[in-house]
Protein chains: 2
Amino acid sequence: MVKKQKDAGTQQRILEAARKVFLEKGMAGARMQDIADEAGINKALLHYYFTSKDMLFEQIFANTSQTFVPHINEIIESDMPLFEKIEHICDDYISMLIKNPYMPLFLINEINKQDGDFLKRMWGKQKANLSFFVAQIQKEVKKGTIKPIHPAQLYMNIMSMCVFPFLGKPMMQFMTKVTDKEFVQLMEERKTFVARFVIDSIRK
Amino acid sequence: MVKKQKDAGTQQRILEAARKVFLEKGMAGARMQDIADEAGINKALLHYYFTSKDMLFEQIFANTSQTFVPHINEIIESDMPLFEKIEHICDDYISMLIKNPYMPLFLINEINKQDGDFLKRMWGKQKANLSFFVAQIQKEVKKGTIKPIHPAQLYMNIMSMCVFPFLGKPMMQFMTKVTDKEFVQLMEERKTFVARFVIDSIRK
DNA sequence: GTCTATATTCCGATAGAC
DNA sequence: GTCTATCGGAATATAGAC
């Protein structure tokens with residue numbers, strides 16, 4: 001088999017290594033040497049495949065954030081009944097985070113460092129907004145199935161309870177003295193727990 | 001007036017400058033030059049007062065985390081009635097975070113980077129645990145005033161809803177299109193909103 | 001105590017042999 | 001395509017004059 005250009009296998013190994021290192025240490029903390037080591041190559045070869053650290057990082061960041069945002073939008077904008085949708089969001093979110101525990105800290109860090117227009121450039125085309133969700137909530141309020149509530153606050157609550165535990169894990173473990181294994185178990189339980197907690201609070 | 005040792009005023013200015021820079025950029029992102037600029041001095045003088053960046057950082061980190069943890073423990077371990085305590089925690093937490101919006105990201109980042117035993121060394125003596133809160137909840141469950149609930153999950157929920165919005169602010173602003181001023185307003189409203197949300201969910 | 005100038009270390013990036 | 005060796009810049013840290 002003829003290799004037309006850069007070796008696809010090596011390129012893939014580098015991307016995986018870069019993803020791992022960047023997610024754990026962030027842009028500022030990551031070293032090209034770390035990534036090279038993780039990929040089992042040396043720095044020179046790393047630069048042969050990806051000319052600069054900035055460029056490599058941008059690929060990882062774009063890829064990570066774009067597999068995250070559209071996924072949740074899809075659920076939010078679906079036409080499920082509200083309670084079912086809430087259950088779906090919690091389950092889906094937490095399942096994904098159990099598999100990618102470093103993702104929230106990475107994304108939040110890097111998003112905070114970018115200028116204001118950055119998200120627009122990156123996510124602008126994905127019309128990531130809550131208008132459909134807001135309308136759905138207002139409809140339910142009018143029907144009288146749920147208490148009056150500010151949709152943005154409700155959404156913040158759901159997102160907070162799903163994501164924060166993965167950010168505050170070390171602090172939580174210190175306070176509650178749970179082991180790593182027990183922590184995962186707590187998160188598994190959260191998939192249904194958070195949804196029930198929310199629904200119990202808003203239903204009339 | 002005789003100066004026995006290093007100028008207290010300058011030292012203070014440096015600490016304030018370091019705190020500001022470290023909170024905004026974290027250990028890896030902060031530059032000694034930034035801190036010197038912020039304090040209105042040069043790098044050499046900065047090193048005269050604090051021999052190394054590591055050492056300066058450690059002081060800021062220790063100070064920041066130690067003004068944070070005991071504060072919340074005090075409320076948790078008080079003997080207020082449960083609902084009142086929840087209201088108190090939310091109000092207090094969010095008020096503090098409106099004043100120190102960079103604190104959560106800073107603490108979470110740096111805590112995540114430390115090894116497992118680090119928190120024990122730093123907070124070990126402050127017996128930061130939830131045993132009293134747990135007992136109080138179990139008592140209320142037995143009395144039948146609240147639904148059965150895992151205390152750790154409940155505490156995670158409260159903490160999540162108070163802290164997360166400050167971490168996810170840019171993402172939230174992108175999705176909900178609120179301005180900075182409106183965001184602060186939303187947080188002000190959250191002081192009572194979160195408490196009510198929690199209490200509505202757990203009360204029988 | 002504060003400065004300028006310089007040493008030292010670290011890290012991203014490139015040159016050039018194979 | 002992969003390596004060793006090295007450059008060049010940036011950042012921490014120190015030397016030494018005032």
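1. Chain B brings 51 residues to its contact with chain A, and chain A brings 50; contact here means heavy atoms within 4.5 Å. This is a predicted model, in which local features need pLDDT of at least 70 and side-chain atom pairs count only at pLDDT 80 or more, while totals for chains, interfaces and linings use all residues. Residues are numbered from 1 along each chain as its sequence is written, chains are lettered from A and ligands numbered from 1 in the order in which they are written, and side-chain values use heavy atoms, with hydrogens and water left out.

2. About 4,800 Å² is buried between chain B and chain A, with carbon and sulfur atoms giving 76% of that area. Buried area is the accessible area (1.4 Å probe) that two parts lose on being put together, summed over both. M171(B), F174(B) and M175(B) supply 15% of what chain B buries against chain A, more than any other three residues.

3. Two salt bridges are found across the interface of chain B and chain A, a salt bridge being a side-chain nitrogen of Lys or Arg within 4 Å of a carboxyl oxygen of Asp or Glu. D200(B) and K147(A) form a salt bridge through their side chains, at 3.3 Å from N to O. Between the two chains, twelve residue pairs are in polar contact, both residues at pLDDT 80 or more. A polar contact is a pair of N or O atoms within 3.5 Å; within protein, one must be able to donate a hydrogen and the other to accept it, and residues adjacent in sequence count only if both atoms are side-chain atoms.

4. On the side of chain B that touches chain A, α9(B) gives the most, with 13 residues. Helices are DSSP runs (H or I, at least four residues), numbered from the N terminus. That side of chain B divides into 33 nonpolar, twelve polar and six charged residues. Ala, Val, Leu, Ile, Met, Phe, Trp, Tyr, Cys and Pro count as nonpolar, Asp, Glu, Lys and Arg as charged, and the others, Gly among them, as polar.

5. Around DNA strand D there are 19 residues, of which K6(A), N42(A), Y49(A), K43(B) and K53(B) come nearest; a residue is near a strand if one of its heavy atoms lies within 4 Å of it. Sugar and phosphate make up 62% of the atoms of DNA strand D that come within 4 Å of the protein. The side chain of Y48(A) places an N or O atom 3.1 Å from a phosphate oxygen of this strand, and a backbone N or O atom of K53(B) is 2.8 Å from a phosphate oxygen. The most residues near DNA strand D come from α3(A), which gives four.

6. DNA strand C has 17 residues around it, with K53(A), K6(B), N42(B), A44(B) and Y49(B) coming nearest. Here sugar and phosphate account for 60% of the strand's atoms within 4 Å of the protein. A side-chain N or O atom of Y49(B) lies 2.7 Å from a phosphate oxygen of DNA strand C; for T10(B) the corresponding distance is 3.3 Å. The largest share of the surface near DNA strand C comes from α3(B), with four residues.

7. F106(A) sits in helix α6 (residues 103-113) of chain A. F106(A) counts as buried because its relative accessibility is 2%, buried meaning under 20% relative accessible area (1.4 Å probe, protein chains only). Beyond its neighbours within four places in sequence, F106(A) contacts F22(A), L23(A), F57(A), F61(A) and T64(A).

Terms used
Helices (H or I, at least four residues) and strands (E, at least two) are DSSP runs, numbered from the N terminus. Buried means under 20% relative accessible area, exposed over 50%, partly exposed in between (1.4 Å probe, protein chains only).
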